[in-house]
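Q: I'd love a close look at one part of this model, the ligand site and the annotated positions that go with it. Could you walk me through it in one connected answer?

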Amino acid sequence: MKNILEIDKKHIWHPYNSLPTKTPILAVKKTKNCKIYLEDGRVLIDSMSSWWSAILGYNNKEIYKSIKKQAKIMPHIMFGGLTHKPAVKLAKNLVKMTGYPSLFLCDSGSVSVEVALKTAILYQKAKGKDKTKFIALKNSYHGDTLGAMSVCDPENSMHSLYGDYLSQNIFVEAPNLGFEADYSLAIKDLEDKLEKYHEQVAAFIVEPVVQGAGGMRIYNPKYLNEAKKLCEKYGILLIFDEVATGFGHTGKLFAFMHTDIKPDILTIGKALTGGTLTMAAMLTTKEISDTISNSSIGVLMHGPTFMANPLACSVANAAIKVFAKINWEKRVKKIEKIFNEELAVLKDNNFVKDVRIIGSIGVVELKDDIYASKLQEFCVQNGVWIRPFGKLFYSIVSYTIKEKELKKICKTMVKAIYSLEKKS
Ligand SMILES: *Cc1c(COP(=O)(O)O)cnc(C)c1O
């Protein structure tokens, strides 16, 4: 097929885009560890790990073997009234990794958020309370389905496009930027809003430590300790959306491990299958699953067709095994060190507002949002796949990236910013 791009332009929608797309699209032929091979023969180093997911590089051998093996045994079976080894093994793995005993396996991060929100409402209902609103942070991102979108930052996620169709929730100030920054204003706002609205609010949903797609903001984990106390005081649940931060991205296995507390509900996804298949999960405490199950409601009313898909469960199990084996903690530390060393020169740059780094995440925030496509073009021309959005020029790399490749990514990011100077 020679005219891939032509047919693509004619028929296929790309994320957050028009049809045909107004921005350039590249056709990918294949991948290998941290390299992307384009149909036109060019090879790019991957600096995005496919939106936080491919933390083990592409085409991992053990993951491949797990797909082959499971595809032959049983690619899919409905989960209503039936169970299977891959799901049970995944449950065992996740219970051990997170410490949460009750879990729901679903097909994407957004769906895990929907399930988390529903679980919170049902829990409150089981306790005899009619609470159907949520509190979320400004700059938050929790997914693109309607429920998830209703707890995303109202401006970033274009609430205005959907009008009354979206549920109205309550937004509070996000904590200041910085892992050790003061967060007192944000906590004060949370307390004020809780005091005012707690009777309607089922839960506070938050991306712990790093707000991802809504701003790539790193904040003080201590904020979450205080938030938990307030949630308890006002009888509302705390949901940590770790679809992005989970599986080591912030230097800890889960971002909640930077805090002294555990949320009532946890969502995970993205890197769960090493970026190979779509799979996510909502995890919670026995108290919450018991309260719902022993009430007159009795059930968690959700059940996607591809729930606990055996192929995806097998891949997740294989990914978890590889993840445990590669010494990810040491690798993420090294990545963080290289990001720190290589991107520091940008701190005083005229175009740059802030440089922030945690774990495998390196973020350069620009002062202006008009450069994203220029920066992307420069990097692609220089052999690096990167996808800035708005003011955010960032890289989230696979833990299996070679030092040489990571340095090339960083140096290309720096050169891309320098190239703005020459042009303007
Ligand atoms: C990506 C993301 C989601 C949505 O996950 P999908 O798999 O894209 O539906 C939800 N929450 C957070 C924090 C995310 O980063």
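To start, in which loop does Pro304 lie?

A: Happy to take you through it, with the reminder that this is a predicted model. Pro304 lies in the loop that runs between helix H9 (286–293) and helix H10 (310–325). Pro304 is buried because its relative accessibility is 17%, and the cut-off for buried is under 20%. Setting aside residues up to four places away in sequence, Pro304 touches Phe104, Cys106 and Asp107.

Thr305 also lies in the loop between H9 and H10. Thr305 has a relative accessible area of 61%, so this residue counts as exposed, the cut-off there being over 50%.

Both residues carry an annotation. In an unreviewed UniProt entry, "binding site" covers Gly109, Ser110, Asp241, Pro304 and Thr305. These positions are spread over 197 residues of sequence, and they are spread in space too, with up to 22.8 Å between C-alpha atoms.

Now to the ligand itself. Its surroundings are made up of Ser108, Gly109, Ser110, Tyr141, His142, Gly143, Glu207, Asp241, Val243, Ala244 and Lys270. Sorted by class, this shell holds three nonpolar, five polar and three charged residues. Among the annotated positions, Gly109, Ser110 and Asp241 appear both in the UniProt feature and in the ligand's surroundings.

Three side chains deserve a closer look for their polar atoms. Ser110 places a polar side-chain atom 2.6 Å from an oxygen atom of the ligand. For Lys270, a polar side-chain atom likewise lies 2.6 Å from a ligand oxygen atom. Asp241 faces a nitrogen instead: an N or O atom in the Asp241 side chain is 2.6 Å from a nitrogen atom of the ligand. As for cover, the ligand has 380 Å² of accessible area on its own, and the protein covers 83% of this.

Glu207, one of the residues around the ligand, brings in another record. An unreviewed UniProt entry places a "coiled-coil region" at residues 180–207. In the model, that span is 50% helix and 21% strand, and its end C-alpha atoms lie 17 Å apart. A little further along the chain you will find Val209, in the loop between strand E7 (201–206) and strand E8 (210–211). Val209 is not a glycine, yet its phi is positive, at about 70 degrees. Val209 counts as buried because its relative accessibility is 0%.

Asn59 is another residue with a backbone angle to check: its phi is near 60 degrees, a positive value in a residue other than glycine. Asn59 sits in the loop between helix H2 (49–52) and helix H3 (61–73), and with 44% relative accessibility it counts as partly exposed.

Returning to Lys270, which is among the ligand's surroundings, you can follow the chain on to Gly274. Gly274 has its place in the loop between strand E11 (265–268) and strand E12 (280–284). Its relative accessible area is 4%, so Gly274 is buried. Leaving out residues up to four places away in sequence, Gly274 touches Ser53, Ala54, Ile55, Leu56, Gly57 and Ala319. One of these, Ala319, falls within helix H10 (310–325), and that brings us back to the loop between H9 and H10 where Pro304 lies.

Notes:
Residues numbered from 1 in each chain as written. Predicted model: local features only at pLDDT ≥ 70, side-chain atom pairs only at ≥ 80, totals over all residues. Heavy atoms only, no water. Near = heavy atom within 4 Å. Polar contact = N/O pair within 3.5 Å; in protein donor to acceptor, adjacent residues only side chain to side chain. Areas by Shrake-Rupley, 256 points an atom, 1.4 Å probe, with all protein chains shown as cover. Nonpolar A, V, L, I, M, F, W, Y, C, P; charged D, E, K, R; others polar. UniProt positions renumbered as here; feature names shortened; annotations may be inferred. Helix = DSSP H or I, 4+ residues; strand = E, 2+ residues; numbered from the N terminus. Buried < 20%, exposed > 50% of the residue type's maximum accessible area, 1.4 Å probe, protein only. Contact = heavy atoms within 4.5 Å.
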